[in-house]
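This report introduces the structure shown below. It turns to one helix and its surroundings, and then to the nonpolar cores.

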Amino acid sequence: MQRYWFGDITDGGECIPFSRETNELIERCRSLEPEMDNFVPVEPETAVECGVFSSREDYIAELRKVTAALAREKISEYYSSGDIELIQMVRMLNELDHVINLLVERGMEWYIVKNPDFSRKYKNMNQKKVIGMMRRQKRSGLSSIAAEIDALSDKRTRLMKEISGKAVEVAPNCSEIVGGLVAARLISSVGGLRELAFLPASAIQVTGAESALFTHLKGGTPSPKHGIIFQHRRVHNADKAVRGKVARVVAGKLGIAARIDYFRGEADVEFLKKAQERIDAVFGGAGGDVE
């Protein structure tokens, strides 16, 4: 027997029509799992002869309605997963960083024109201090623009906190190991929590260091030992001699944490305790207590 979205056709050619109700047709489409090896495509005329539809146009109109409803449902399901919103939030944060840095650089070039005796070492100065200097340029458009940059920086800070909070909801175990912001950046970089969960630890370790990795592969330069996870305090604070080892252990624990987050979606206290102890032990190697 062949099963179609509008009804069944027996081996003897008898047609058993299904309901004409759109919601019931949608539900039937969800339940159908035809074996494609034996599937026989059907013509609209067959459905018309079956008595389900009055004409070919009626068949196509109903089919369009059902498939559009199923597509809307799938899209809604896709966007309802928290990591999709998290990815967009991280991308917005990256864009804000880019815009703020560009505006500060342009603003300082303007500031130097108005103050030629100013040292060009502003790139080593705290960004907040640089913006403050520009804001003190009274009776100048520069002061007004600096105020806007300052406001944008405040919005960037609020977004960063929001991302950390969202990451704790989406990936509680990853966030506990490396912090919400680093976890969010990792998820954004690989395209989602599912993608992160299926990555090997070695790939997680160098995620974000793609340029250095390809330079290593093409030019034989030293291989990168860390990517985004370098932003985690226990990696960038580690002694250089053990930093690669710390990054490797953190990446290994992150791989397990991502799988727990993806498949279970809740914090595993016992795992987190053991993971933190292991990372702390390797990090302690900087002081001579290498495990």
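Contact, as the word is used here, means heavy atoms within 4.5 Å. The model is a predicted one.

**Helix α3**

In this model the buried residues of α3 pack against α1 (22-31) and α2 (44-49). Those buried residues are Tyr59, Glu62, Val66, Ala69 and Leu70. Helix α3 covers residues 56-80, and at 1.5 Å a residue its 25 residues should span 36 Å; the end C-alpha atoms are 36 Å apart, so the expected span and the model agree.

Ile75 also belongs to helix α3. Because its relative accessibility is 46%, Ile75 counts as partly exposed. Together with Tyr78 and Tyr79, Ile75 makes a nonpolar surface patch of about 360 Å².

**Nonpolar cores**

Two cores are set out in the table.

| Core | Number of residues | Residues named |
|---|---|---|
| Largest nonpolar core | 43 residues | Most contacts inside it: Ile163, Cys174, Ile177 and Leu254 |
| Another core, apart from the largest | 15 residues | Among them Tyr4, Ile9, Ile26 and Cys50 |

Several helices each supply at least two residues of the largest core: α4 (82-114), α6 (141-170), α7 (172-178), α8 (180-190), α9 (193-197), α13 (240-263) and α14 (269-283). The largest share, 10 residues, comes from α13.

Which residues are in contact with Ile163, leaving aside its neighbours within four places in sequence? They are Leu86, Met89, Val90, Leu93, Leu181 and Ala184.

Methods: Residues numbered from 1 in each chain as written. Predicted model: local features only at pLDDT ≥ 70, side-chain atom pairs only at ≥ 80, totals over all residues. Heavy atoms only, no water. Core = buried A, V, L, I, M, F, W, Y, C linked by side-chain atoms within 4.5 Å. Buried < 20%, exposed > 50% of the residue type's maximum accessible area, 1.4 Å probe, protein only. Helix = DSSP H or I, 4+ residues; strand = E, 2+ residues; numbered from the N terminus. Expected span 1.5 Å × (residues − 1). Patch = residues over 30% accessible without salt bridge, like charges linked within 9 Å, V, L, I, M, F, W, Y side chains within 5 Å. Areas by Shrake-Rupley, 256 points an atom, 1.4 Å probe, with all protein chains shown as cover. Salt bridge = Lys/Arg side-chain N within 4 Å of Asp/Glu carboxyl O.
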